[in-house]
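Here is a walk through one chain, starting in the middle of a sheet and working outwards to the helices and a couple of loop residues. Keep the structure open beside the text.

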Amino acid sequence: MHNSDLTAPLAETPATGKLDVWVIMPSSPARDVIVEALESLDCEVQLPVDAQAAVERLARTSPSLVLLSACLCRPGFAEQLVETLRDGLSSKPCSLVVVTKDTDRADDASWSALGVSEFLEVPTKVSSARIRVAPFCQFARLKRQFLDAEQRAESATRTQTEFLRNINHELRTPMTTIQGIAELLLDEEDIANAPASRVSSLQILIDHANELTQRIDNLLELSRLEGGTMEIRLRNESPLDILDTIQKDFRHPAESKGLQFSVTVSGAMPHTILTDAVCLKEVLRHVVGNAVKFTSQGEVTIRSRDRK
């Protein structure tokens with residue numbers, strides 16, 4: 001179905017899955033041919049009063065494809081009309097095609113300067129019109145599907161980040177309590193009289209609480225990185241301190257698998273480097289973690305040197 005009354009308001013973008021196409025052309029047999037061809041390709045055709053009416057509608061809804069008649073672009077008006085239409089479409093998942101006669105394309109350079117690269121010669125038969133508009137419709141459908149999939153992926157990433165942010169808070173609170181109580185027990189006056197196994201167990205409890213808290217933070221940072229919302233905070237950091245942290249994180253897991261684990265530093269290392277320590281540690285944890293995980297025997301060594 002198409003809107004044949006040029007003074008009637010445009011219908012909303014169809015929710016039927018059909019391709020929404022706007023045909024901005026004067027009433028003519030050629031327009032009727034194009035409309036019939038589009039409808040045969042499962043398109044919902046809209047006939048705006050003029051280009052300005054179409055631009056005003058873009059504030060509320062977006063077509064997938066716009067066919068604009070070149071005869072509406074009189075000398076001195078072409079730039080204003082096409083640029084206004086393209087400004088309205090710039091943030092929309094929409095394709096713009098200019099319907100022309102051969103004589104209308106005598107100066108393709110002027111169209112190119114306006115950013116118009118898609119043309120459709122005025123058809124005379126429905127069969128030929130169908131063949132000519134089919135590629136434009138197919139591209140518009142693929143573009144719409146891609147953008148819809150992209151939006152769903154972005155929405156899923158935001159949901160995942162929000163979930164991880166909430167779970168971060170829920171897990172951090174009990175872990176902080178466990179860590180605090182263990183540290184209080186280690187600070188008691190009679191701890192010197194406690195069996196060595198008890199002291200060792202409390203220290204292991206604290207270490208594992210710290211590790212789990214760090215892993216929770218890493219999970220949230222990874223989610224932010226995937227979602228493109230991670231902020232890079234550059235500061236002067238000690239590379240040796242960063243390596244020392246990684247060594248403490250992975251020495252025990254490596255040795256528990258019977259692997260030798262070491263960190264070697266070659267040459268004079270700078271006291272500080274400009275980096276985001278959180279991000280750098282996260283990268284190193286993933287690399288070293290995979291090395292430990294997938295190494296069944298032998299050693300895992302981190303070698304660091306000043307490239308200068």
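Take strand β4 and look at where its side chains go: Ser95, Val97 and Val99 point one way, while Leu96, Val98 and Thr100 point the other way, and all are buried. That is the pattern you'd hope for, since in a regular strand the side chains alternate between the two faces of the sheet. Put as a tally for β4 (residues 95-100), six of its six residues are buried, so the strand is mostly covered. Bear in mind throughout that this is a predicted model.

What does β4 pair with? On one side there is strand β3 (residues 65-69), which pairs with β4 in the parallel sense over five bridges. Within that pairing, Leu67 has Val97 of β4 as its bridge partner. There is also strand β5 (residues 119-121), joined to β4 by three bridges and running parallel to it. Here Val98 stands opposite Phe119 of β5, and Thr100 stands opposite Glu121 of β5.

Zooming out, these strands belong to an open sheet of five, ordered β2-β1-β3-β4-β5, with parallel pairing. Its edges are β2 and β5, each of which pairs on one side only. From one strand to the next, the twist averages 25°.

Two helices lie over this sheet. Helix α1 lies across β1 (19-24), β2, β3, β4 and β5, and runs at about 150° to β2. Helix α5 also lies across β1, β2, β3, β4 and β5, running at about 155° to β5.

Now for how the helices pack against each other. Two packed helices are described by the angle between their axes and the distance between the axes. Here are two pairs, with those values laid out:

| Helix pair | Angle between axes | Axis distance |
|---|---|---|
| α1 (residues 29-40) and α5 (residues 126-186) | about 60° | 8 Å |
| α7 (residues 239-256) and α8 (residues 277-294) | roughly 25° | within 10 Å |

Start with the α1 and α5 pair, which pack at about 60°. That angle makes α1 oblique to α5. The crossing of α1 past α5 is right-handed. On the α1 side, the contact is made by Val33, Glu36, Ala37, Leu38 and Ser40, and α5 brings Val126, Ala129, Arg130, Val133 and Cys137. Sort the residues of that contact by type and you get seven nonpolar, one polar and two charged.

The other pair, α7 and α8, has axes that cross at roughly 25°. So α7 counts as roughly parallel to α8. Here too, α7 passes α8 in a right-handed crossing. From α7, the contact uses Ile242, Thr245, Ile246, Asp249, Phe250, Pro253 and Ala254; from α8 it uses Ala277, Leu280, Lys281, Leu284, Arg285, Val288, Gly289 and Val292. By type, the residues of this contact come out as ten nonpolar, two polar and three charged.

A couple of loop residues are worth a stop as well. Where does Asp42 sit? Look in the loop between α1 and β2 (43-46). Its backbone is what catches the eye: phi of Asp42 is near 65°, a positive value in a residue other than glycine. For context, most residues other than glycine have a negative phi, and most peptide bonds are trans. Is Asp42 buried or partly exposed? Its relative accessibility is 38%, so Asp42 counts as partly exposed.

Leu72 is the other one, found in the loop between β3 and α3 (78-89). With a relative accessibility of 27%, Leu72 counts as partly exposed. Check its spacing to Pro26, too: the two are 46 residues apart along the chain, and their C-alpha atoms are separated by 8.1 Å.

Finally, the chain as a whole. The protein chain has eight helices and nine strands. How many of its 308 residues count as buried, as a percentage? The figure is 34%. As for contacts in the protein chain with a separation of 6 or more, 76% of them are accounted for by residues 24 or more positions apart.

Definitions and conventions. Residues are numbered from 1 along each chain as its sequence is written. This is a predicted model: local features need pLDDT of at least 70, side-chain atom pairs count only at pLDDT 80 or more; totals for chains, interfaces and linings use all residues. Side-chain values use heavy atoms; hydrogens and water are left out. Axes are lines fitted to C-alpha atoms, for helices over the stretch in contact, and angles run from 0 to 180 degrees between N-to-C directions. Helices (H or I, at least four residues) and strands (E, at least two) are DSSP runs, numbered from the N terminus. Angles under 35 degrees count as roughly parallel, over 145 as roughly antiparallel, 65 to 115 as roughly perpendicular and the rest as oblique. A crossing is left-handed if the near helix is turned anticlockwise from the far one by less than a right angle, and right-handed if clockwise. Contact means heavy atoms within 4.5 Å. Ala, Val, Leu, Ile, Met, Phe, Trp, Tyr, Cys and Pro count as nonpolar, Asp, Glu, Lys and Arg as charged, and the others, Gly among them, as polar. Buried means under 20% relative accessible area, exposed over 50%, partly exposed in between (1.4 Å probe, protein chains only). Two strands pair if DSSP finds at least two bridges between them.
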